[in-house]
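Let's take a walk through this structure together. Have the sequence and the 3D view open, and we'll go from strands to core to metal.

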Amino acid sequence: MSRPLKPLFKQEYNDEISNRSINPVFSDVARAYLSRRRFLQMGAVAGAAVAFPTLLKSPAAWAVETALARPSSLGFTSIEVSTDDTVRVPEGYIVRPFYRWGDAVGLKGNLPEFKTDGSNTTDEQAAQAGMHHDGMAWFSLPPGGTDPNHGLLAMNHEYIDNGLLFKDGVANWSLDKVRKGQNAMGISVIEVKKEGDNWTVVRPSEFARRITVNTPMSLTGPAKNNALMKTADDPQGESVLGTMQNCANGLTPWGTYLTCEENWSDIFVKKAAPNTLEKRYGISDSDDSYRWNEVDPRFSVDATPNEPNRFGWVVEIDPYNPSSTPRKHTALGRFKHEGAAITLAADKRVVAYMGDDQKFEYIYKFISKNQYDASLRDAAMDLLSEGTLYVAKFNDDGSGTWLPLIYGQSGLDETKGFTSQGELLIKTRLAADAVGATKMDRPEWIAVDSHATGSVYCTLTNNSDRGKEGKAPVDAANPRANNVYGHIIHWTEENGDPASTAFTWDILVLGGNPSGLDEKTKGSMKGAEFGSADGLSFDHRGVLWIQTDVSSSTINKKAYEGMGNNQMLATVPGTNEYRRFLTGPCGCEITGIAFTPDNRTLFINIQHPGEPGDDISDPANPTAVSTWPDGDKNSRPRSSTVVIVKADGGIIGS
Ligand code: FEO
Ligand code: CA
Ligand code: CA
């Protein structure tokens, strides 16, 4: 049942919180770094006054006319860390696995049952949820509406575990096994509905769709038709088969889903010596995890040299049109894309913030050439095809600059190996190197604060190589050597306008247990005992939600600081108060987040429960680490979307 939306607090209080949260305070953390470097006179720059209008309507939530004001504090009691093999939430909340790997996606006449021993066929997998759910977004039905009880969820299936996917693991390796793996990656679109108190996946549904590594998609932007994009199967360099390693996501104001290709280079193998470009993107001479290159020549770079250039992009999908062709937007650059956080500039140009998740990589921003007109959805579909890509430079004094990556400017020309804008975008990392961007500690998710325009947050998940000999030293924005638990950085754009090319920044919080034994890896905030923040999102009230991904290998180490299984926390910006909302089962990470427009239902993804560490699962003993969600030793751990509601039907977090 739909409930009316009511502001929880009066507007003045909301403004006060918003403004407090976006005032650059230049944290003790960065100051300590500067003190070490004897730069003590920087407060004036960091404290520069900027006017920030308050924005009450989230531009990232299509058609969601939310009137929800930012609360002054959270309404739930923080739960303890946990090592239990289950999902825990605060008292008064109900959590339920909802869409598990192997559940039918809802294709008409094609609803295969999950087989617990990994014996589902390749074709069945194409009609079932993929593995390793990740980024996710909500789209109300009917299109353009705001119904909080009926909609679509689009979500990524980031990667696969061959030990779980097949009854006999990697034995008897074949093209059919590779095709099943390819069908277990990509994207699901499912129709979901709340009837009474119960959420269900609608099956069959005219919207249900699986997009896989073999789904045809088209290219847009400057790299389309570039010589480096052409292959024997696509001599024009304009259409690609599939998307893969889809990590985090984006949501456009015109109601499309953005899926972002992250660790695609892991799948390509080149036996011959790699060239500069291949080396810069990490293409290696072996792959024990996927082994697609052994039987599918598309993933052997020796056989198909330009195929890797066709991955590493942001892909736009219209979830409302199941027969639409997804488009890879080359204007947004090519790297190991984590996500794409979309907002609108003051003049309604579209801005996308994006992280490149690898040690010492960069944070990027794309600004569209044209402006968004909410009445012209078809025209909006082309906005991400043309614009300017920037990369961030974080100065040690708390200021920052967005450096444009434009062919012919700043020395980005033939002398640096770029002959066109298209080639520059295919080689985005090399262009960012050339202009002197700041090497960050693995940029993961980015979240734009819709209650404070121009205020942006980014998780820097970890970087154990920071400060090592031969690697980049610490700097103010990445202030810890051997940064095993990461931190969250935030910045405010000049004049509160996302299209500005200048900003001021600060560190929000350092990961780690503040009561930890090791001074160098301690967290900075009581109540925020977490490691490796990864997922990050604002809800419709302006509460910031943080999801963690400490690797199983770190959790398994004896020195791990007792922060338990991966978890999700919430904070109201400006309050410095963090509360733990959820803890996950053993071996999982918490990722993907979508709120219904009334903020009364929360969907999140539990990824890779039961992950044993750095290797694939043992098909003979798949439940060695976790039996979640089935609780059955004879089943397999299954990544799942879970649905969370308040027992009294109230607003999540209230
Ligand atoms: Fe797919 Fe960077 O996490
Ligand atoms: Ca991630
Ligand atoms: Ca991660």
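Start with a pair of facing residues: tyrosine 353 sits opposite lysine 365 in β16. Keep in mind as we go that this is a predicted model. The strands β14 and β16 run antiparallel, joined by 6 bridges. On β14 you can also find alanine 352, and across from it stands isoleucine 342. Here the partner strand is β13, which pairs with β14 in the antiparallel sense over 4 bridges. The hairpin of β13 and β14 has 4 residues between the strands, and lysine 348 there takes a positive phi near 75°. Since 6 of the 7 residues of β14 are buried, this strand is largely enclosed by the rest of the structure.

Now for the interior. The largest nonpolar core has 64 residues, and those touching the most other members include Met185, Trp292, Met354 and Tyr364. β13, β14 and β16 are among the elements that each supply at least two residues of this core. Pick out tryptophan 292 and look at its neighbours: among them are Ile160, Met185, Met244 and Phe299. Apart from this core lies another, of 40 residues, including Tyr93 and Ile590.

Last stop, the metal. Which residues hold the calcium ion (ligand 3)? Its protein donors are Glu444, Asp534 and Asp549, lying 2.3 to 2.5 Å from it. Glutamate 444 also coordinates the calcium ion (ligand 2), and the two ions are 3.7 Å apart. Glutamate 444 belongs to strand β20, while aspartate 549 is in the loop between β25 and α11, 105 residues apart. Both glutamate 444 and aspartate 549 are buried.

Terms used: Residues are numbered from 1 along each chain as its sequence is written. Chains are lettered from A and ligands numbered from 1 in the order in which they are written. This is a predicted model: local features need pLDDT of at least 70, side-chain atom pairs count only at pLDDT 80 or more; totals for chains, interfaces and linings use all residues. Side-chain values use heavy atoms; hydrogens and water are left out. A nonpolar core is a set of buried Ala, Val, Leu, Ile, Met, Phe, Trp, Tyr and Cys residues joined through side-chain atoms within 4.5 Å. Buried means under 20% relative accessible area, exposed over 50%, partly exposed in between (1.4 Å probe, protein chains only). Contact means heavy atoms within 4.5 Å. Donors are N, O and S atoms within 2.8 Å of the metal (3.2 Å for Na, K and Ca); water is not among the atoms, so sites may look incomplete. Two strands pair if DSSP finds at least two bridges between them. Lists of a residue's contacts leave out its neighbours within four places in sequence.
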